[in-house]
Amino acid sequence: MAQSTPKGFRLHIGIFGRRNVGKSSLLNAITRQQVSIVSEHAGTTTDPVEKPMELLPLGPVLFIDTAGLDDVGDLGRLRIDKTKQIFDRTDLGVLVIESGHWSDYEEKVLAEFVSRKIPTVAVFNKVDKAQPDANILRNLTEKKIRIVETDVISGRGILDFRKALLETAPEEYLNTPPIVGDIVGPGEMAVLVVPIDKEAPKGRLILPQVQTIRDLLDNDAFCAVVKERELREVLERLKKPPKLIVTDSQAFLKVAADTPPGVMMTSFSILYARFRGDLISMVQGAIAVDKLKKDDRILVAESCAHHPIADDIGRVKIPRWLEQYVGGKLHFTHIQGHDFPDDLDTYKLIIHCGACVTNRREVLSRIIRCREAQVPITNYGLVIAFSLGIFDRALEPFPAALEVYRSGKS
């Protein structure tokens, strides 16, 4: 079912605009549901409203209806802050304008889209009352911004809006890169090591494991799924060694010990550093672990809002391994969901989770912000492999990333 597709695999379509220009009405019209509350009073939408749906032929998308960036008062400023977060995870931007009105506000939103290289659709709503300015239309056309004219109340232009979304979707969404299929290849085997512990939901596999299995099948490869204590026996039974072994990062040391020379090994989290973010940038971030000193501050960012368990990887295991590596106490701050602080320069390192429940746009936005603040960023699998001394081994499937690491050491 379309509703069961994870958010991270959906095209994120952010709907922006002034209060009361018809953003919520537009969302209700395109989804054919009463998703957002519509009122003649400005500022009805408070927090961003998310609506997953199937937008054929694109497939699963996530519409995000935002509060107006022209909100007022203390509460209004909080709404604006929430809306600004949406820029970080928007794959396709929609700017809704009340026809006949264009000002610095619309210019600023458009500039935000352009600076982030977000493909954009400009929707001039309420054309039954006024026509958009010809000079504005000419300017947008020169910037290659797709233009749609609508009157949401009568339904005029809704089909044009739908068509514009389909034709403006970013190329990388239409041609999603594989998670691991390109490394393994058709007709080859991968062995996936899946520990069954407190972090594994009862009766289910975690999302990266399921998605990796599907990716292998989509790329005409096949796989065996084992627990860490079964790996050696499975390898002995195989007539031909597997092309790749992928492990949960927490079992890195045992899996590395049981993996024979000549067989590549990495982790689900490292695969996701490439799939959801930028592997090279995160490898460079992991190398910065060597520069950590006692009492340094480290930010740990988790995409999902799970309840920590007794031996939580982000709150217990990674801090323990890093403090053992550094040889002293470090100070960790943890954030969850879409929150990401402004004071990044107060941290010496940022460690991100695998980001399986968010989209690549948001992770790349965070990498860019870290680069601007000159703070290294890495992820769970990479920092674990580095702190346990098996970084070379974990990067074998990624020659370019391995070369960055080796050149960084010399």
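This report covers the salt bridges, nonpolar cores, one buried helix and one sheet of a predicted model.

**Salt bridges**

The structure holds 19 salt bridges. Side chains of opposite charge can pair when their charged atoms come close. Three of the pairs are set out here.

| Pair | N to O distance | Relative accessible area |
|---|---|---|
| Arg89 and Glu50 | 2.9 Å | Arg89 4%, Glu50 25% |
| Glu188 and Lys240 | 3.4 Å | Glu188 22%, Lys240 52% |
| Asp392 and Arg406 | 3.3 Å | Asp392 27%, Arg406 44% |

Take Arg89 and Glu50, joined by a salt bridge. They link distant parts of the chain, 39 residues apart. Arg89 sits in the loop between α2 (73-88) and β4 (92-98). Glu50 belongs to strand β2 (residues 49-55). Why does Arg89 count as buried? Its relative accessible area is 4%, and buried means under 20%. Glu50, at 25%, is partly exposed.

Glu188 and Lys240 form another salt bridge. Glu188 is in the loop between α7 (181-184) and β7 (189-193), and Lys240 is in the loop between α9 (231-237) and β9 (244-247), so the pair ties together parts 52 residues apart in sequence. Glu188 is partly exposed, whereas Lys240 is exposed.

Asp392 pairs with Arg406 in a salt bridge. This pair ties together helix α16 (residues 391-394), which holds Asp392, and helix α17 (residues 399-409), which holds Arg406. The two residues are 14 apart in sequence. Asp392 is partly exposed, and Arg406 is partly exposed. Elsewhere, Asp88, Glu112 and Arg116 form one network through salt bridges that share partners.

**Nonpolar cores**

In soluble globular proteins, nonpolar side chains tend to be buried together. The largest nonpolar core here has 78 residues. Which of its members touch the most others? They are Val283, Leu322, Leu382, Phe391 and Leu395. Beyond its neighbours within four places in sequence, Leu322 is in contact with Val289, Ile298, Leu330, Phe332, Ile351, Val383 and Ser387. A second, separate core has 25 residues, among them Ile13, Val21, Val152 and Ile158.

**Helix α1**

Is helix α1 (residues 23-31) largely enclosed or largely open? Eight of its nine residues are buried, so the rest of the structure largely encloses the helix. The buried residues are Lys23, Ser24, Ser25, Leu26, Leu27, Asn28, Ile30 and Thr31. Their cover includes strands β1 (11-17), β2, β3 (59-65), β4 and β5 (120-125). Helix α5 (158-168) is also part of that cover. Just after α1, Arg32 has a positive phi of about 60 degrees.

**A four-stranded sheet**

Strands of a sheet pair through backbone hydrogen bonds, either parallel or antiparallel. One open sheet has four strands in the order β12-β11-β13-β14, and the pairing is parallel. Its edges are β12 (331-336) and β14 (377-379), each pairing on one side only. On average, neighbouring strands are turned by 25 degrees against each other, direction ignored.

Strand β13 (residues 349-352) runs parallel to β14, joined by three bridges. Ile351 has Thr378 of β14 as its bridge partner. Ile351 is also among the contacts of the core residue Leu322.

Two helices contact the sheet. Helix α13 (residues 313-326) packs on the sheet, touching β11 (297-302), β12 and β13. The direction of α13 makes about 150 degrees with that of β12. Helix α15 (residues 380-387) lies across β11, β13 and β14. It runs at about 90 degrees to β14.

Note on methods: Residues numbered from 1 in each chain as written. Predicted model: local features only at pLDDT ≥ 70, side-chain atom pairs only at ≥ 80, totals over all residues. Heavy atoms only, no water. Salt bridge = Lys/Arg side-chain N within 4 Å of Asp/Glu carboxyl O. Buried < 20%, exposed > 50% of the residue type's maximum accessible area, 1.4 Å probe, protein only. Core = buried A, V, L, I, M, F, W, Y, C linked by side-chain atoms within 4.5 Å. Contact = heavy atoms within 4.5 Å. Pairing = 2+ DSSP bridges. Axes fitted to C-alpha atoms, helices over the stretch in contact; angles between N-to-C directions.
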